[in-house]
Amino acid sequence: MSQATNKRRIVLIDHRFQLRMAAAFVMLQVILTGLFAVGLYLFMDSEIHADLASAHASYQSLSQMLLPIVIILSIFSVTLSIVLVTIFVVIISHKIAGPMYRFRIVLESLAQRRFESFTRIRPEDQLGELATSLDRALDVVKEDISVLQESVSRLHESHSKGDSAAVLTEIARIEAALEVWEKG
């Protein structure tokens, strides 16, 4: 299949989480812009009211100081924004990265034919539905492997006794356990 036919069309996968994260970023930007505006207003207000006696001199002084003040407040705003956004992103990303790390550990163990005990993720973490699905899938695989191991054990026992009917029964159980798996 081509890349164009596999293109994902869903924009919001987890509406609540994604919209809450977007709203938090918007609020952070509104707060930072507000701080910038308040700082600029306070400076402008103090300069305008400082000395109304010589309006021309105050205007000249204000116009000469305006660019450096705007630059300093902009640098402060951008720096504060970078720090706060970085902290915010790290905190939010833990709600996603934590479960993904656990999923990776479980899947890597499974790839090495080991069952890693899957610990539940924290309630405030994201990907809860995925954790539940992964847990159910692991339970199904464990159950099927258990059935196969029991059947193999009974198969060896029946074979050593020479009971061909029991051998055929166990082979049928093994086949039934394997047939429920769809080949992709």
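Contact here means heavy atoms within 4.5 Å. Keep that in mind, as I will use the word often. This is a predicted model.

Let me start with one residue, S151. It sits in helix 3. Is S151 buried or exposed? It is buried, with a relative accessible area of 0%. What does S151 touch, once neighbours within four places in sequence are set aside? The answer is E170, R173 and I174. With E170 there is also a polar contact between the side chains, at 3.3 Å.

Now step back to the whole chain. There are 4 helices and 0 strands. From the N terminus on, the order of elements reads α-α-α-α. The chain has 184 residues, and 17% of them count as buried. About 14,100 Å² is exposed. Carbon and sulfur atoms supply 65% of that area. One more figure for the chain. Take contacts between residues at least 6 apart in sequence: 58% of these join residues at least 24 apart.

Back to E170, which we met beside S151. E170 belongs to helix 4, residues 164-179. Its relative accessibility is 5%, so E170 counts as buried, the limit being under 20%. Which side chain from helix 3 meets E170 in a salt bridge? That is R154, at 3.0 Å from N to O. This pair links distant parts of the chain, with the two positions 16 residues apart in sequence numbering. R154 itself is partly exposed, at 32% relative accessibility.

E170 has another salt bridge, this one with R173. The closest N and O atoms are 2.7 Å apart. Both residues lie in helix 4, 3 residues apart, about one turn of the helix. R173 is partly exposed, with a relative accessible area of 39%. Put these pairs together, and salt bridges that share partners join R154, E170 and R173 into one network. Remember that S151 is in contact with both E170 and R173.

How many salt bridges are there by the rule used here? The count comes to 3. Besides the pairs with E170, there is E157 with K161, at 3.4 Å from N to O. Both of these residues lie in helix 3, 4 residues apart, about one turn of the helix. E157 is partly exposed at 45%. K161 is exposed, at 62%.

Next, the nonpolar side of things. In soluble globular proteins, nonpolar side chains tend to be buried together. Which residues make up the largest nonpolar core in this model? There are 6: F103, V106, I121, A131, L134 and L138. Helix 2, residues 55-111, and helix 3, residues 128-161, each supply at least two of them. Helix 3 gives the most, with 3 residues.

L138 from that core has a partner worth a look, L110. L110 lies in helix 2. Leaving aside neighbours within four places in sequence, L110 is in contact with F115 and L138. L110 and L138 are 28 residues apart in sequence. In space, their C-alpha atoms are 9.0 Å apart. Why does L110 not count as buried? Its relative accessibility is 30%, and buried means under 20%, so L110 counts as partly exposed.

Nonpolar residues also turn up on the surface. V26, M27, V30, I31 and L35 form a nonpolar patch there. Together they have about 480 Å² of accessible area. M27, one of the five residues named, lies in helix 1, residues 15-50.

Last stop, the loop between helix 2 and helix 3. R113 is located there. Most residues other than glycine have a negative phi. R113 goes the other way: its phi is positive, about 60 degrees, although it is not a glycine. Is R113 buried or exposed? R113 is exposed, with a relative accessible area of 78%.

To recap. The chain has 4 helices and 0 strands. Helix 2 and helix 3 each supply at least two residues of the largest nonpolar core. E170 in helix 4 and R154 in helix 3 link distant parts of the chain. R154, E170 and R173 form one network of salt bridges. And S151, where we began, is buried at 0%.

Notes: Residues numbered from 1 in each chain as written. Predicted model: local features only at pLDDT ≥ 70, side-chain atom pairs only at ≥ 80, totals over all residues. Heavy atoms only, no water. Core = buried A, V, L, I, M, F, W, Y, C linked by side-chain atoms within 4.5 Å. Buried < 20%, exposed > 50% of the residue type's maximum accessible area, 1.4 Å probe, protein only. Polar contact = N/O pair within 3.5 Å; in protein donor to acceptor, adjacent residues only side chain to side chain. Patch = residues over 30% accessible without salt bridge, like charges linked within 9 Å, V, L, I, M, F, W, Y side chains within 5 Å. Areas by Shrake-Rupley, 256 points an atom, 1.4 Å probe, with all protein chains shown as cover. Salt bridge = Lys/Arg side-chain N within 4 Å of Asp/Glu carboxyl O.
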